[in-house]
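Open the model in your viewer and keep the selection tool at hand. The tour goes stop by stop, with something to select at each one.

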Amino acid sequence: MPKENASHPPAILIKGGRILTPFEELTGDILIAGGRIARVGKNLSRQATRNAVTISSKGLYVAPGLIDLHTQGGCGFDVWEGTPASLEGWSRGNARHGVTSYLITTGYGTSGYDYMAAHIDRAGVASKPLGVYLESPFCSMEKKGGIDASRVGPVSVKLLDRICRSLGSNLRMMTVAPERPGALKIIKELRRRGVIAAIGHTDCTWEQVLPAIEAGATHVTHCFNTMRSLHHREPGPLPALLTDPRLTIELILDGHHIHPAVVNLAVRVKGVNRTCVITDNIRMAGMPVGDYTYERMGRKIIVTGGVPRLVDGTIAGSTLTMDRALANVVAFTGMSVREVMPMLTATPAGVVGFGARKGQIKRGFDADIVLFNNDFRIERTLVEGRTVYERE
């Protein structure tokens, strides 16, 4: 059993819940020590130390903490702003919705981008960041979506060098449009540097996407959205993105970005071990239901019916939270909670290189755990054994 130390809470015993590992469902206890999972099994009370804290999970699901690979803000906070309040606020907001780890998603040249290299620790006061996800500057102008044209830059190693000098090891993933001149070279260079190359914001054809996969792209930025659509005579990239086992995909599960029938099709084709449920959320995620208008980096965002849009009608992110995404994927696919859980835990953990530490309830893994009820309401969130959110 890991030793306790001053940086971690006393031993914790989570007792009596329905444990989703997430690959199987168990009934029993979880013993935590030193911020990690020490044991999973039945009747572990005798193995807990005398000062262990007991958390009752009777009647609740106990699952690995949710991992959102694509999130820009919520609960009134926007990571694009690049302030202590924005990063700390969304770290705590994420925890309220069951998220224990996330990629901070932004674009090249935003205030958040400029601030994060030296201050990413501010984003880890509750839920913890696993790195930075840049959707620009190597995206397509034709499929830039909510990305401002000023953030679409040249596809060059020189620009990549500048980004890497700024973000250093915090840079975890970048979106690349395969059809842009120089894109294949950038994908190979990203792979060499240990950064995940994600195909997205792209107008590429079937013929253009295949070399990108061969060059080393391994992930897909919000599949279906901001990319060329499927046509039976001009297939575009989607048949390859959905069937090539070298790729993992993201799906925005708000019911607006992708029709539920298409979500079900994608999950059935790709499988839960190659699919990541994401939010792509912005400031108004997790806020009271209503209509909002606000400015973001000089652009007006209008939220109506829970959908944020630019003034020209382009969807600009979502108001989705990960607890609702969990409920939605169950509803859209007809699968059980246990069946869908890998898409919100183990699969995203593996995509970003944390599969040996996070995303599972397993001995030796970080004690990132969420407790929720049958209505998917979050009751408690623990990060490395610390309770960072508890419902009042």
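Which residue in β10 is the bridge partner of Y102? Select Y102 and look across to β10: the partner is P129. Keep in mind that this is a predicted model.

**Stop 1: confidence**

Colour the chain by pLDDT. The protein averages 94, and 98% of the residues score at least 70. Now select residues 1–6. Here pLDDT stays under 50. For this stretch the model has 17 contacts beyond four places in sequence.

**Stop 2: Y102 and its surroundings**

Go back to Y102, which is found in strand β9. Is Y102 buried or exposed? Y102 is buried, because its relative accessible area is 1%, and buried means under 20%. Show its contacts, leaving aside neighbours within four places in sequence. They include D68, T71, L87, W90 and S91. On the β10 side, K128, P129, L130 and G131 are among them. Put a distance label between the C-alpha atoms of Y102 and S91. The separation is 9.0 Å, for residues 11 apart along the chain.

**Stop 3: strand β9 and its partners**

Select residues 99–106, which make up β9. Eight of the eight residues of β9 are buried, so the strand is largely enclosed by the rest of the structure. On one side, β9 pairs with β6 in the parallel sense over four bridges. T71 has I104 of β9 as its bridge partner. Next, add residues 128–134 for β10. Six bridges join β9 to β10, and the two strands run parallel. One pairing to find is T105 with Y133 of β10.

Now trace the chain between these two strands. From β9 the chain crosses through helix α2 (residues 111–119) to β10. This β-α-β crossover is right-handed.

**Stop 4: the whole sheet**

Show all strands of the sheet. How many strands form this open sheet? Eight do, in the order β6-β9-β10-β11-β12-β13-β14-β15, with parallel pairing. Find the edge strands: β6 at 66–71 and β15 at 275–278. Each pairs on one side only.

Two helices are worth selecting here. Helix α4 (residues 183–192) packs on the sheet and touches β11 (171–176) and β12 (196–199). The direction of α4 makes about 165° with that of β11. Helix α7 (residues 260–270) also packs on the sheet, touching β14 (248–252) and β15. The direction of α7 makes about 160° with that of β14.

**Stop 5: I252**

Select I252, which lies in strand β14. I252 is buried, with a relative accessible area of 1%. Apart from neighbours within four places in sequence, its contacts include H222, N225, H257, I258 and I278. T279, D280 and S318 are also in contact with I252. Now add H70. I252 and H70 are 182 residues apart in sequence, yet 9.1 Å apart in space, C-alpha to C-alpha.

**Stop 6: the nonpolar core**

In soluble globular proteins, nonpolar side chains tend to be buried together. The largest nonpolar core in this model has 81 residues. Select I163, M174, L251, L253 and F372, which touch the most other members. Then select helix α8 (residues 322–333). The largest share of this core, seven residues, comes from α8.

Finish on L253. Not counting residues up to four places away in sequence, L253 touches V263, V277, I278, L320, A325, N328, V329 and F332.

How values were computed. Residues are numbered from 1 along each chain as its sequence is written. This is a predicted model: local features need pLDDT of at least 70, side-chain atom pairs count only at pLDDT 80 or more; totals for chains, interfaces and linings use all residues. Side-chain values use heavy atoms; hydrogens and water are left out. pLDDT is the predictor's confidence in each residue, from 0 to 100. Contact means heavy atoms within 4.5 Å. Two strands pair if DSSP finds at least two bridges between them. Axes are lines fitted to C-alpha atoms, for helices over the stretch in contact, and angles run from 0 to 180 degrees between N-to-C directions. A nonpolar core is a set of buried Ala, Val, Leu, Ile, Met, Phe, Trp, Tyr and Cys residues joined through side-chain atoms within 4.5 Å. Buried means under 20% relative accessible area, exposed over 50%, partly exposed in between (1.4 Å probe, protein chains only). A crossover is right-handed if, with the strands pointing away from the viewer, the path from the first strand over the helix to the second runs clockwise.
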